[in-house]
Amino acid sequence: WILPFMNLYAIAGYVDGDGDVPIGLPVEPLLDTLGFGVLCPDNILRPDFCDDVVLIDVQTDFSGYNVGVGTVLAMGWKSWYAAFPITYVWSEMSNLEQTIGTLTVEALFGHTFELRGEMKIEAFIGASYLDANHEITDTYSIPLSDLSPILDDVDIDYKVLQSNTDKWAFVAGGQFQFSKEW
């Protein structure tokens, strides 16, 4: 094709799952919260456990919907081609206070090598851009009463801001075609 070709599409889906989220809690701020901050003085009498981190696994359940729209701009000349997929997806999850918006853009450039009969090899290189940001806000209860009857459970409110630090990734790939049917 000499002129660009444009393909529009929409996607939708339902997600339902669970998972373990490992969380590390520094001991000194945790003791401060419980009213035992005096156990970690800032002098030579400071115990080593004050610098430890308590690891806990938080069980999470989530469900929600994804809806997206996108387009693919494609063009080719002889055995060379270029494709530019662009997708934006909105995700509404039960354990999130906000909707997640994710943008993905790719630029792919490739070449088709004709072999015997209908066999072909296609190879491409390119780059992919992904921008996703969201915030998780929740409360986790630490069951301290399980350790000792004199301790009360402690509720910790937390907020996690997640975003990808590397928005760009390089892409390389290919495919082998046995025939037009395979």
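In the predicted model, the lining of the second largest pocket holds 13 nonpolar residues, with no polar and no charged residues among them. This pocket has a volume of about 190 Å³, and of the 13 residues that line the pocket, Leu 30, Leu 34, Ile 142, Leu 144 and Leu 147 lie nearest its centre. Two elements, helix H1 (27-34) and strand S2, each give two or more residues to this lining, and the largest share, 4 residues, comes from H1.

The largest pocket has a volume of about 370 Å³ and is lined by 18 residues, with Val 21, Thr 60, Asn 95, Ile 136 and Tyr 158 placed nearest its centre. The elements that contribute two or more residues to the lining of the largest pocket are the strands S1 (5-26), S2 (53-77), S5 (120-142) and S6 (154-163), and S5 gives the most, with 5 residues. By class, the lining of the largest pocket divides into 11 nonpolar, 6 polar and 1 charged residues, whereas the lining of the second largest pocket is made up of nonpolar residues, with no polar and no charged ones. As general background to such descriptions, rolling a probe the size of a water molecule over the atoms shows where empty space is left.

The pockets belong to a protein with 1 helix and 7 strands, and from the N terminus on these elements follow the order β-α-β-β-β-β-β-β. The radius of gyration is 26 Å, well over the 16 Å that the globule rule gives for 182 residues, and the protein is therefore more spread out than a compact globule. When the extent is taken along the principal axes, the C-alpha atoms fill a box of roughly 80 × 35 × 25 Å. Buried residues make up 24% of the 182 residues. Among the contacts with a separation of 6 or more, 63% are accounted for by residues that stand 24 or more positions apart.

The model also contains 1 disulfide, and a disulfide is, in general, a covalent bond between the sulfur atoms of two cysteines. Here the bond joins Cys 40 to Cys 50, with a distance from S to S of 2.0 Å. Both Cys 40 and Cys 50 are found in the loop between H1 and S2, 10 residues apart. The torsion about the S-S bond of Cys 40 and Cys 50 is about -90°, and the disulfide is therefore left-handed. With burial set at under 20% relative accessible area, Cys 40 counts as buried because its relative accessibility is 5%, and Cys 50 likewise counts as buried because its relative accessibility is 3%.

A single position in one of the strands can be described in a similar way, namely Gly 101, which lies in strand S4 (residues 100-114). The relative accessible area of Gly 101 is 21%, so this residue is partly exposed, a class that lies between the buried limit of 20% and the exposed limit of 50%. When its neighbours within four places in sequence are left aside, Gly 101 is in contact with Tyr 88, Val 89, Asp 131, Ala 132 and Asn 133. The C-alpha atom of Gly 101 is separated by 9.8 Å from that of Val 67, a residue 34 places away along the chain.

Methods: Residues are numbered from 1 along each chain as its sequence is written. This is a predicted model: local features need pLDDT of at least 70, side-chain atom pairs count only at pLDDT 80 or more; totals for chains, interfaces and linings use all residues. Side-chain values use heavy atoms; hydrogens and water are left out. On a 1 Å grid over the protein atoms alone, a cavity is a set of points where a 1.4 Å probe fits but cannot get out, and a pocket is an open set with protein on both sides within 12 Å along at least five of seven lines; lining residues have an atom within 4 Å of a point. Grid points are joined across faces, edges and corners, and a volume is the space filled by probe spheres set on the points. Ala, Val, Leu, Ile, Met, Phe, Trp, Tyr, Cys and Pro count as nonpolar, Asp, Glu, Lys and Arg as charged, and the others, Gly among them, as polar. A disulfide is a pair of cysteine sulfur atoms within 2.5 Å. Buried means under 20% relative accessible area, exposed over 50%, partly exposed in between (1.4 Å probe, protein chains only). The radius of gyration is taken over C-alpha atoms; the globule rule is 2.2 Å times the number of residues to the power 0.38. Contact means heavy atoms within 4.5 Å.
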